[in-house]
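Grab your favourite viewer and work through these exercises with the model open. Each one sets a task and then walks through a solution.

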Number of protein chains: 2
Amino acid sequence: MYEKYVKILKEHTLKVTSPRLEILRYLDEHHTHPNVEEIYSSLKKKHPSLSRTTVYNSLEILKKKRIIQSLTISGSELRYDIHEGLHHHFICTHCGTIFDIAITCPNMDRTLYGGHRVEEVQGYFKGICKKCHTKEKRRNNNG
Amino acid sequence: MYEKYVKILKEHTLKVTSPRLEILRYLDEHHTHPNVEEIYSSLKKKHPSLSRTTVYNSLEILKKKRIIQSLTISGSELRYDIHEGLHHHFICTHCGTIFDIAITCPNMDRTLYGGHRVEEVQGYFKGICKKCHTKEKRRNNNG
DNA sequence: CTACTAAATTGTAATGATTACAAATTATAA
DNA sequence: TTATAATTTGTAATCATTACAATTTAGTAG
Ligand SMILES: [Mn+2]
Ligand SMILES: [Mn+2]
Ligand SMILES: [Zn+2]
Ligand SMILES: [Zn+2]
């Protein structure tokens, strides 16, 4: 069940602890770019002793090791994502959903720009998702 | 002095008020992507009656009208930028500086993606700026 | 297996950015 | 000049995140 995540942690010389395994599993199984609260409250159910601070700490160390990434797209809270291949993101300003964008971008793999060392590249698209847009149209026609 | 900003406000059917003029001027003269606190404390010197809430309110309305944009690049606070042509940004995770990136990107002008309506596109590059990188090297050689 | 220790976890308190709200002021139009 | 809706202001509340000290534990050496 957790061998996969044990392996990841050991490969990065991180101690194998229950919170770390659970967080990794959660992010691996939920590609919804959850915030800290969503991760915490979900895991808390099965592991009542879990502390919110531990979730913050664990996410931070996983991020330092580049196992996960954090997204600043929402502007009010960090969202987390298992790091598997560079991809860009869309956020719907109406319903808040964040999803992956399958756009290739010539600047995605850049590691240098004018002498500055680039360590992360993030492409954020903000707008109204198809679902919300359709709902809005329907409301206008019926209302 | 302020005719330029008066014009912008009127064109967008916004009431012409001193805080709005001052904020516009500040952003026009400081392309450093300041946060609310920097704008507030700077303007407060000349206009002691200015309220922080007004700065928040004004920035919000200017943003709604697309006169300015907010950047979520830092992850802890919004940074503001006069909106003049799409451009991407670099943030140095060491010194915090945010500056414009002159990279053209084929996805920058996108207004649609898979049926989703795109209203904003932001490209964020995070890493270590040349200056910090050079300092770091020097410290290693001399230390 | 046991003992040790550095690292991780936990809970609580503090911080910092942003928002809510109600009272006072003011830009604009009649 | 007056009316009024919009704006500004100050304070209090909220929410995400960080600081910190006490407790627990993963990993290792014996
Ligand atoms: Mn993603
Ligand atoms: Mn800029
Ligand atoms: Zn939506
Ligand atoms: Zn720097």
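Before we start, a donor here means an N, O or S atom within 2.8 Å of the metal, and with water not among the atoms, a site may look incomplete. Keep in mind too that this is a predicted model.

**Exercise 1. Find the donors of the manganese ion (ligand 1) and work out their spacing along the chain.**

Step 1: Pick out the coordinating atoms. Three histidines bind through NE2, namely His33(A), His87(A) and His89(A), while Asp81(A) and Asp100(A) each use OD. The distances run from 2.2 to 2.3 Å.

Step 2: Put the donors in chain order. The spacing reads H-x47-D-x5-H-x1-H-x10-D.

Step 3: Place two of these donors on the fold. His87(A) sits in the loop between strand S2 (79–82) and strand S3 (88–92) of chain A, and Asp100(A) belongs to strand S4 (residues 98–101) of chain A, so this pair ties together parts that are 13 residues apart in sequence.

**Exercise 2. Sketch the layout of chain A, listing its elements from the N terminus on.**

Step 1: Count the elements. Chain A has 5 helices and 6 strands.

Step 2: Write down their order, which is α-α-α-α-β-β-β-β-β-β-α.

Step 3: Add the dimensions. Along the principal axes, the C-alpha atoms of chain A fill a box of roughly 55 × 45 × 25 Å.

**Exercise 3. Describe the interface of chain B and chain A: how many residues are in contact, and how much area is buried?**

Step 1: Start with the residues. Chain B puts 35 residues in contact with 35 residues of chain A.

Step 2: Turn to area. About 2,900 Å² is buried between the two chains, and carbon and sulfur atoms give 57% of that. On the chain B side, Tyr113(B), Arg117(B) and Lys126(B) lose the most area to chain A, together 21% of what that side buries.

Step 3: Check the polar side. The count of salt bridges between chain B and chain A is 0, but 15 residue pairs across the interface are in polar contact, both residues being at pLDDT 80 or more.

Step 4: Sort the chain B side by element and type. S6(B) gives the most, with 13 residues. By type, the side of chain B that touches chain A divides into 16 nonpolar, 12 polar and 7 charged residues.

**Exercise 4. In which sense do strand S6 of chain A and S6(B) pair, parallel or antiparallel?**

Step 1: Read off the pairing. Strand S6 (residues 116–128) of chain A and S6(B) run antiparallel, over 11 bridges.

Step 2: Test one rung. Starting from Tyr124(A), the bridge partner in S6(B) is Gln122(B).

How values were computed. Residues are numbered from 1 along each chain as its sequence is written. Chains are lettered from A and ligands numbered from 1 in the order in which they are written. This is a predicted model: local features need pLDDT of at least 70, side-chain atom pairs count only at pLDDT 80 or more; totals for chains, interfaces and linings use all residues. Side-chain values use heavy atoms; hydrogens and water are left out. Contact means heavy atoms within 4.5 Å. Buried area is the accessible area (1.4 Å probe) that two parts lose on being put together, summed over both. A salt bridge is a side-chain nitrogen of Lys or Arg within 4 Å of a carboxyl oxygen of Asp or Glu. A polar contact is a pair of N or O atoms within 3.5 Å; within protein, one must be able to donate a hydrogen and the other to accept it, and residues adjacent in sequence count only if both atoms are side-chain atoms. Helices (H or I, at least four residues) and strands (E, at least two) are DSSP runs, numbered from the N terminus. Ala, Val, Leu, Ile, Met, Phe, Trp, Tyr, Cys and Pro count as nonpolar, Asp, Glu, Lys and Arg as charged, and the others, Gly among them, as polar. Two strands pair if DSSP finds at least two bridges between them. Donors are N, O and S atoms within 2.8 Å of the metal (3.2 Å for Na, K and Ca); water is not among the atoms, so sites may look incomplete.
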